[in-house]
Structure formats: structure tokens, C-alpha cells
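Please work through the following exercises with the structure in view. Each task is followed by a solution in steps.

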Amino acid sequence: MNAHQWHGHAMTRAAAVVGCAALALSLTGTAAQARPRDPARQVLGAQDGWGAYGTGTTGGAAADAAHVYTVTTWAEFRAALAAGGDAPRIIKVKGVIDAVSEGCDAFAAPGYDFDAYLAAYAPETWGLDTDLSAEPDDSPEGLRRASAARQDQSVKANVPSDTTIIGVGRGAGFKGASLQIKAVDNVIVRNLTFESPVDCFPQWDPTDGSKGNWNSEYDTAVVHGSTHVWLDHNTFTDGSHPDSAAPTYFGMLYQQHDGELDIVRGANHITASWNVFTEHDKTILIGNSDSESTAAGDRGKLKVTFHHNLFENLVERAPRVRFGQVDSYNNHFVADEDYSYSFGIGKESQLVAEHNAFTLPEGVAAGKVLKRWNVSPVTADDNYVNGRRVDLIAVHNAQIPAETLQPGAGWTPALRTRVDPARAVPGIVDHRAGAGRLR
């Protein structure tokens, strides 16, 4: 990527608003033109995936010195996001910022008691035919809702347009935070490790499936109705709270994680490059519903590029796609024994998956890489499994004939930078992807 390369709209954005409300934040940096090689001022390359389409993605590269912040606490970070009006901004994150530093008990509403919740809604008491939506505010479910609302207000951070958020050095990141990139344009997020937020108050839904289920909130990052977003050299992980350590209640996993990255509600022109997605179940969702009301806003959008990412020890959704034209190339997928699938082929999806490498353990068949949720064509050429070139569609259809896939996504990606040979992808990606590896 050429750090000096500016798209036309970057110069328009360069007219930064002068003056900033006083904040107890440390200010750093100089004007964009004075430090063009500063990673915080780098912009997405002109051909680097869907995020480069049209006006491209420059984030806060045009920020003046008054709108460059260095933050070390959650309060400082949220204040920096809120400061400065519409001016471009750069937020440099130092160290690990914990959005739930006081623990889950700090969010609990007065009177909330988890043991009382379990006693009230145990299947042998409540049954499995009625959900909890009608429960009053003073019920165990009502108190859970109030507690959840407190956490929601505390752990979500709304990112404005024309913003770059970047980690300083090798040890920067967030624990328990949910980054909301919602209804904005032109955002860059780089060089950060995100430990997935833990839902302190998951909801029991007796009607979810034949046995009921625990459902959680808080995706690590949500791109909702936003355009021109570049996610680069980040690490997304469950970290110290893996699902394997979670208890079971009512015979079901007490699920406290949602997705690592959701791209939904008409979001468009996104590039995710050189990230690590690891140790998670439902990883990436593109398009959140098959419903026609949602589809009306998603058709013709949800255009996303994934390249040179490491998807390691995930269960599923890397990604699951509805509607979008998604280009996935030069990624490395490393599975373990819990593996379900990588690419989910959803309603009206147009996935192109090429020049990728898959490392599957013994006993996991290559036919599982693709999962058909709906009948949509897919392009899957020049992919390697355990060092050998494999036709993923052919092996899927042979191994799972009841879910036949049709080849040919119907479009050809044009926005790509260097395409590496698929055989070389593990060596390249494993050594260069993730937080702390910016070059």
C-alpha cells in the first residue's frame, strides 16, 4: 500500500474544523502533510478491495493536530469519539483499554439475582412453549433486561465519519468493547487486539430450537449502514473467555458471545485485510436477515473484500453471506476439531472465494468448507486444502449431495492488489496478519 496515495475526496475532507471542545485527553501528532509515513495517516490503496471503490477510504488522515488524540482509558476513548464535531480525527490507543473494568456486577439492576432467574425459567417450571417477552419489569426477566440495558450503554462506542482508530505499538487493544460503526462514512480501524465483549446478562429463550437456548448481544465490531470502512491488521479473539470455559444451564451452553464482525443493514464498500479472527463461534455475518424488509436495503450493497486474513480455530461464519458481492482471496483458514464450515452461502449471495489456503485436521473433509444455506451461485477457484489444489464446489457436491452448489457467482472482482499464489498464503499470512505487525 502506498501511504502517500490520496483519493480525491481526501482533499475535500482535509478542510478540518478548527477548534475543539476541551478534553482531558493527550494530544499528539502534526498536520497530515508533515508526516505522510505515519501509520495513523495512511489511507487505503486505490485498488485495495471494495473499500477503495468510488471516493475510497481515508479515515482521519486529514486531521489537524487539534484532532489527534492519544487515549489510555475507556472514558478517554469515548470522549475522543464525541469531540471535535465533524472534523476528521485520529485516535491513537495505548495499552489495553477495558470497557468492563469494574466487572459485570457493576451493571446489575437493583434486585437482579441470577439464581432467581434460573429458578423462574427452568424448563421444568416454565416449559418450552412461551418466550419471556411479556414478563413485567419487576420479574427476573425484567430485571435482566434492565441490567442488560446498563451494559449496553456502557460498552458500546459510536464511531463518527472520517475517523482513524489505531493502536500504538504491539500491545494496544480493547477488552469487552463493542465498536459501533453505524450510519457513517470513511472509517479506518488498525493495529488493535479486540477481546470479544462478554454479555453479562444473556437471555434464555425457551422457544429457540427444541430445547431452548441462551442468546447474547454485543458484537466486537458492527458495520451497520456505513460505507467505506477499512479494517486492517487487527486481531479478534475470545481471549480469556473462550466458549470452552462457559458453563451450561438448562442443558445448553451459557452463550456470552455474539459475532466478532457483523456487516449489515445496507453497509457497503468494506475492505478487511491482514486481520486475525480466532477462537470464536459465529464469527462474521454479512447481511443479518432473509426477510424482504431487510433485503430491500441490502440488495446491491454489502460489497466486501477479505484478503490476507487468518481465520483460525473458528466454528463457522468466515463469513456467512447474504445478498452481498463478497470477494475473499489469499486468506488462510486453520480449523480444529470444532469446525463446522467457513463460507456460508446465503440468500442471493454472490461470493467469490479464490486463491485461499485451508489447513484442516485429520477427519475434517474439504466438503465442509462451503455451507449452503440458500441456493445461490458461488465462484470457488484455485483454492488449496492441506497443500493440494481442491475444487471446493465439486468436493462439497460429492460429499453433501443434498445441498448441491452451483458454480459461477456472476461477477469478476476488479479491485485487488497483489494476488499471491495460494500455496504461499499460509507462510505469508501467518507471519504478517494481526495486531502488532504493521509494516
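**Exercise 1.** Determine how the lining residues of the largest pocket divide into nonpolar, polar and charged.

*Solution.* The model under study is predicted. Step 1: the lining of the largest pocket consists of 30 residues. Step 2: sorted by class, six of these lining residues are nonpolar, eleven are polar and 13 are charged. Step 3: nearest the centre of the pocket lie S216, D219, D258, G259 and D262.

**Exercise 2.** State which elements give two or more residues to this lining, and give the space in the pocket.

*Solution.* Step 1: the elements concerned are β5 (156-158), β8 (178-182), β12 (213-215), β13 (221-224), β18 (261-264) and β20 (276-282). Step 2: the space in the largest pocket amounts to about 730 Å³.

**Exercise 3.** Decide how the protein compares in compactness with a globular protein of its length.

*Solution.* Step 1: the protein contains eight helices and 33 strands. Step 2: its radius of gyration is 22 Å, close to the 22 Å that the globule rule gives for 439 residues, and the protein is therefore as compact as a globular protein of that length. Step 3: along the principal axes, the C-alpha atoms fill a box of roughly 70 × 55 × 40 Å.

**Exercise 4.** Describe the burial, the contacts and the exposed surface of the protein.

*Solution.* Step 1: with buried meaning under 20% relative accessible area, 56% of the 439 residues count as buried. Step 2: among contacts with a separation of 6 or more, 76% involve residues 24 or more positions apart. Step 3: the protein exposes about 17400 Å², of which carbon and sulfur atoms supply 50%.

Methods:
Residues are numbered from 1 along each chain as its sequence is written. This is a predicted model: local features need pLDDT of at least 70, side-chain atom pairs count only at pLDDT 80 or more; totals for chains, interfaces and linings use all residues. Side-chain values use heavy atoms; hydrogens and water are left out. On a 1 Å grid over the protein atoms alone, a cavity is a set of points where a 1.4 Å probe fits but cannot get out, and a pocket is an open set with protein on both sides within 12 Å along at least five of seven lines; lining residues have an atom within 4 Å of a point. Grid points are joined across faces, edges and corners, and a volume is the space filled by probe spheres set on the points. Helices (H or I, at least four residues) and strands (E, at least two) are DSSP runs, numbered from the N terminus. Ala, Val, Leu, Ile, Met, Phe, Trp, Tyr, Cys and Pro count as nonpolar, Asp, Glu, Lys and Arg as charged, and the others, Gly among them, as polar. The radius of gyration is taken over C-alpha atoms; the globule rule is 2.2 Å times the number of residues to the power 0.38. Buried means under 20% relative accessible area, exposed over 50%, partly exposed in between (1.4 Å probe, protein chains only). Contact means heavy atoms within 4.5 Å. Accessible areas come from the Shrake-Rupley method with a 1.4 Å probe; for residues, only the protein chains shown count as cover.
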